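Here are a few exercises to try with the viewer open. Have a go at each one before you read the solution.

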Amino acid sequence: PQTGRKRHTIHTREMLPRTCSPPVPSLSNSSSCSSLKTDESGNMVFFGENLDESSTMSEDNEILLRRAPRFTGYDNSRKQVYPMSQGSCSDQKIADNGTNRDSINEIKESILEACLSSIPQRKLGRGKLSLPAFVFDIDGVFKNGGKYAEFGAKAIRKLQRAHIPYVFMTNGGGGRTEKQYAEVMNEKLSQFDSEGRGPAEYVRENQMILSYTPFRTHLTHLKNEPVLIVGCPRAIHTARKYGFTRAMALSEYARRHPTMNPFKKGGCEKDGKVITTGIKERWNENFRAVLVFTDPQDFFEALQIVTDVLLSSRPGEQEFEPSHRIPIVFSNPDLLWKTQYAHARFGQGAFRLSLEACYKARMQAMGLDGEEIEDRLNDFIQFGKPEPAQFMHARAAVLEQAKAKGDDGCSISHFYMVGDNPRSDITGAVRMQKLLTDNKESKHTRGWSGMLVKTGVWQEGDDTMGASEVHENVMDVIDAVLERHKQEIAQFTDTIEAVWE
């Protein structure tokens, strides 16, 4: 019995079957979500303590929570794989290798719970001095490939002088840890600084949200389980730093099973000789999940091997195991991103799109029926912008900074998401704002605005996807926001200086 607890019904429609598993434990450090059940109509019922009695999820917000439709390509704005799928994964224990349909649905429930726990709480820092805050994309905003903007360091110095909280949230990361990425970014910003101020600290580890940062906190149930890591060579080291003690790189798995990929690195068939390892090949890895940290090092090899691993726990002995079901978790949905090349390049979203097409075609060739194929395709789980879980990481990092401002901390008057990609940066900000307004929280929590810049993926004539403003570059955005909040900033600065005196 949920005595004395508030009841919130979310109409899930096709997302989950009418009969669901027992409630899934809440995310760690989350107090806004407690348990999930189903009512007599088969709807998911959420019991929580921190939501308003009248709070419900609207029809529009169901896209954040329900099972996403399958990819059909990408839309005419050409900017991202679309539509999106689920946002994150909670502390639900994955079952043994024979993960069945019910167990996969339990994972879906934990994703739903993670989304629900992302709803901002009330009375955040009310009565305190306030400041605006920035959440910055990196590629297409501060840099294109390895070339950083000359005004980047100057722009951040403006924020530091004004005591403005800010974080960086990228759908990349290059397989580095947050600390490593911050070190590289500090070096590059100093190197390209037009004012030549020399080395300085523009970003710290706790201000970095990489595409795979949520893996560390949302996938804790996998940390002592065997998982297959897809990504560049650095990714496996970061996975182990995150605590995935039994992680194995896809390249290592391919080395153990050299006949899985019929091609050499140069692209020619391995037909010069009979391939032998000299020992009996063992298929005992028994992966419980596939985690895609970055774009794969070898695109074809990743397509082939990941498809094999999704179909069977021991692909070399049995091609398809009907009871074998494991999730594959992606960190970045972007189809395109901006590099030094004149036009946008394919990103991790292209790998997901390709993998899904190959996986589906392989299952069709095996004779699986349409319902089974569709069900298995729903084992794909998505992190990265614009997913709410990603934005909640950025929000939490900003609020930690706000606590440290002055003697008593400050509240955040508004969040500004600055990015070049409408379908990741701007859509995410729009969704965060809808979470506030649709849950009648707008009077008590701080709003979000998407600020689009012209230095990356977006081009004149493209859909802005609801951007609040469009600016030439990030410096122009910062100048506009500082001017808009100048009285608020001056009040905070005066108070801080008075305390110092």
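The exercises below start with the whole chain and then move to a sheet and two residues.

**Exercise 1. Take stock of the chain: how many helices and strands does the protein chain have, and what share of its residues is buried?**

Keep in mind that you're looking at a predicted model.
- Step 1: count the elements, and you get 14 helices and 18 strands.
- Step 2: turn to burial; of the 501 residues, 57% count as buried.
- Step 3: look at the accessible surface, which comes to about 21500 Å², with 48% of that belonging to carbon and sulfur atoms.
- Step 4: check sequence separation in the contacts. Take those between residues at least 6 apart in sequence: 76% of them join residues at least 24 apart.

**Exercise 2. Work out the strand order of the open sheet of 6 strands, and say which strands stand at its edges.**

- Step 1: trace the order, which reads 8-7-4-16-17-18, with parallel pairing.
- Step 2: go to the ends of that order. Strand 8 (208-209) and strand 18 (469-471) each have a single partner strand, so one side of each has no neighbour in the sheet.
- Step 3: zoom in on one pair. Strand 4 (residues 130-136) and strand 16 (residues 411-419) run parallel and are joined by 7 bridges. For a register mark, find Leu131, which stands opposite Ile412 in strand 16.
- Step 4: add the helix. Helix 12 (residues 422-438) lies across strand 16 and strand 17 (447-453), and its angle to strand 17 is about 165°.

**Exercise 3. Is His257 buried or exposed, and which side chain does its own side chain make a polar contact with?**

- Step 1: place the residue. His257 sits in the loop between helix 7 (250-256) and strand 11 (289-292).
- Step 2: check its accessibility. The relative accessible area of His257 is 1%, and the cut-off for buried is under 20%, so His257 is buried.
- Step 3: list what's around it. Leaving out residues up to four places away in sequence, His257 touches Glu281, Arg282, Trp283 and Glu285.
- Step 4: pick out the polar partner, Glu281, whose side chain is 2.7 Å from that of His257 in a polar contact.

**Exercise 4. Where is Asp476 found, and how far is it from Ala155 in sequence and in space?**

- Step 1: find the element, helix 13 (residues 474-484).
- Step 2: classify Asp476. Its relative accessibility is 30%, which falls between the 20% and 50% cut-offs, so Asp476 counts as partly exposed.
- Step 3: compare the two separations. Asp476 and Ala155 are 321 residues apart in sequence, yet their C-alpha atoms are 9.0 Å apart in space.

Technical notes
Residues numbered from 1 in each chain as written. Predicted model: local features only at pLDDT ≥ 70, side-chain atom pairs only at ≥ 80, totals over all residues. Heavy atoms only, no water. Helix = DSSP H or I, 4+ residues; strand = E, 2+ residues; numbered from the N terminus. Buried < 20%, exposed > 50% of the residue type's maximum accessible area, 1.4 Å probe, protein only. Contact = heavy atoms within 4.5 Å. Areas by Shrake-Rupley, 256 points an atom, 1.4 Å probe, with all protein chains shown as cover. Polar contact = N/O pair within 3.5 Å; in protein donor to acceptor, adjacent residues only side chain to side chain. Pairing = 2+ DSSP bridges. Axes fitted to C-alpha atoms, helices over the stretch in contact; angles between N-to-C directions.
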